[in-house]
Structure formats: structure tokens, C-alpha cells
Amino acid sequence: MRNTSNSGPATARDQTRMPFTTGVRPGVPDRRAEGRDRPSEVDRPSEWDRDDPTRNEPGRGGALQERAVVTVATYPDYASAQHAVDHLSDRRFPVDRVTIVGTDVRLVERVLGRMTTAKAALAGVGTGAWFGLLLGFLFGIFAVAAWWKVIVFAVVAGAVWGAVFGAIAHASTRGRRDFTSVSAIEAAKYALLVDASHADEARQLLAELAVPATR
């Protein structure tokens, strides 16, 4: 009877060690190696980069691309700066290279007059009348007869409700704001910035203006 247990002496076949393999069959390409050689999504250019030919041009493209600009003129108010840019546009200057920058920006509130309950109700009359006119036209389309009566009723009703609402809204402030005003954002001066490559041309064109710019 043969002894089939593992306690016997090792044969030559058992002593032969199998070589270490990576699990890749002969003749089959290693997909993992291909993945290591493939560029990542960060290194791969996006569709937007390939479609935009001006992205890598100097002075164009994303926010990281900063243009070299110089101040060619300074104006005391925005109207003068706007007129200067309009003049450059009329002379076929590339105004996409121009930037208006306001410095020393401040909030200015101009008081127009005293506000009373009667004035608040009167202002509400106008607002309510316009709103009633809009509703009157909308409902008057579906009126079979006397459509104008629908419009008149809507205007009158809107004016009445507007006056009531305006008076109540002003009375609810309890005298904390008994005046009307208009607020605006203003700057002490407005600088005209132009790309350095077009600065000389811009200065020559701005010299033609009747309103001189302050340096």
C-alpha cells in the first residue's frame, strides 16, 4: 500500500518553485500600465480651451491674464468720462481696451423735500391708478359689452386703494422719516485707463475734446 501522506520526502516536482506572476496572461496587454501612461483629467485640455483660440493670447482670456494699462486722462464727473469714451468710439478707437475707474466712491443722498401724510397719499394715488389701469385692460379684454366701464372702475379703485396704502405706510413710520430723498453712488474723480499699446493713440484723440482732462 502506497503512502500518500505529505510527511514523506519531497519530490523534484514539489521542490520546483513557481515563478512570481502579476496575473497578466501572455499575449494580453496590461490595462493597468495603459492607465498609468494615460494623462489625467487635470492635464488633459478641456473642450473650452481648444475652442477658444484667444485664451492663451497675452492680454486676453481668463481673469488670471492681466493687461498692462495706463491712465491717459482723469475727469471730475462721470458725464465727462462717458463723453470721452464716446468720442473714442466715434473715431474708431478700440473701446474694448478702455476702462473707467471711479476713485473715492461715496454714497450721496439728496433731500428733495418734506413728506407729509397728504403727499404720501397723493403719491399712492398715482401708483394705484397705473396698477388699476393695467388690471382694467386685462379684464376689459374679456368683457362682452361696456369694456370701458371696467377700465374706469379699475382705475378709480386702484387710485383709492393706492391713496389709503400710501397714507398708512407713511403713518407707520411715526415721523422717523418725514422727507423724500434720492440716493446715488458718486466718485470724486474718474480715471480713463487704456492698454499700454494704445495709450499714445488715445491721448491724441482725447486732445481733440473741448473739455480738457485733468492729469
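Buried means under 20% relative accessible area. Asp195 meets that cut-off, because its relative accessible area is 5%. The legends below concern a predicted model.

**Figure 1. Overview of the predicted chain, with seven helices and five strands.** From the N terminus on, the elements run α-α-α-β-α-β-β-α-α-β-β-α. The chain has 215 residues, and buried residues make up 21% of them. Its exposed area is about 16900 Å². Carbon and sulfur atoms supply 59% of that area. Among contacts with a separation of 6 or more, 80% join residues 24 or more positions apart.

**Figure 2. Close-up of Asp195 in strand S5.** Strand S5 covers residues 189–195. Which residues does Asp195 touch, leaving out those up to four places away in sequence? They are Arg67, Ala68, Val69 and Arg97. With Arg97, the Asp195 side chain makes a polar contact of 3.2 Å. Asp195 itself is buried, at 5% relative accessible area.

**Figure 3. The salt bridge between Arg97 and Asp195.** The side chains meet at 3.2 Å, N to O. Arg97 lies in the loop between H4 and S2 and Asp195 in strand S5, so the pair ties together parts that are 98 residues apart in sequence. Is Arg97 buried or exposed? Arg97 has a relative accessible area of 18% and is buried. Its partner Asp195 is buried too, at 5%. Side chains of opposite charge can pair when their charged atoms come close.

**Figure 4. The salt bridge between Arg91 and Glu208.** A search of the whole structure finds five salt bridges. In the one shown here, the side chains of Arg91 and Glu208 meet at 2.3 Å, N to O. The pair links distant parts of the chain, 117 residues apart. Arg91 sits in the loop between H4 and strand S2, which spans 98–103. Glu208 belongs to the segment after H7. Arg91 is partly exposed, with 41% relative accessibility. Glu208 is also partly exposed, with a relative accessible area of 43%.

**Figure 5. The salt bridge between Asp200 and Arg203 within helix H7.** How far apart are the closest N and O atoms of Asp200 and Arg203? They are 3.4 Å apart. The two residues are three residues apart in helix H7, so about one helical turn separates them. Asp200 is exposed, with a relative accessible area of 55%. Arg203 is partly exposed, at 31%.

**Figure 6. The largest nonpolar core.** This core has 18 residues. Which of them touch the most other members? They are Val72, Tyr75, Leu88, Phe93, Val98, Leu192 and Leu206. Strand S1 (69–75), helix H4 (78–90), S5 and helix H7 (199–206) each supply at least two residues of the core.

**Figure 7. A nonpolar surface patch that includes Trp147.** The patch has an area of about 880 Å². It is made by Trp147, Trp148, Val152, Val156, Val160, Trp161, Val164 and Ile168. Trp147 is in helix H6, residues 147–171. Its relative accessible area is 49%, so Trp147 counts as partly exposed.

**Figure 8. Phe137 in helix H5, shown with Val150.** Helix H5 runs through residues 117–140. Phe137 is partly exposed, with a relative accessible area of 45%. Along the chain, Phe137 and Val150 are 13 residues apart. Their C-alpha atoms are separated by 8.1 Å.

**Figure 9. Thr173 in the loop between H6 and strand S4.** Strand S4 spans residues 179–186. Which backbone oxygen does the side chain of Thr173 reach? It reaches that of His170, at 2.5 Å. Thr173 counts as partly exposed, at 23% relative accessibility.

Key: Residues numbered from 1 in each chain as written. Predicted model: local features only at pLDDT ≥ 70, side-chain atom pairs only at ≥ 80, totals over all residues. Heavy atoms only, no water. Helix = DSSP H or I, 4+ residues; strand = E, 2+ residues; numbered from the N terminus. Buried < 20%, exposed > 50% of the residue type's maximum accessible area, 1.4 Å probe, protein only. Polar contact = N/O pair within 3.5 Å; in protein donor to acceptor, adjacent residues only side chain to side chain. Contact = heavy atoms within 4.5 Å. Core = buried A, V, L, I, M, F, W, Y, C linked by side-chain atoms within 4.5 Å. Patch = residues over 30% accessible without salt bridge, like charges linked within 9 Å, V, L, I, M, F, W, Y side chains within 5 Å. Areas by Shrake-Rupley, 256 points an atom, 1.4 Å probe, with all protein chains shown as cover. Salt bridge = Lys/Arg side-chain N within 4 Å of Asp/Glu carboxyl O.
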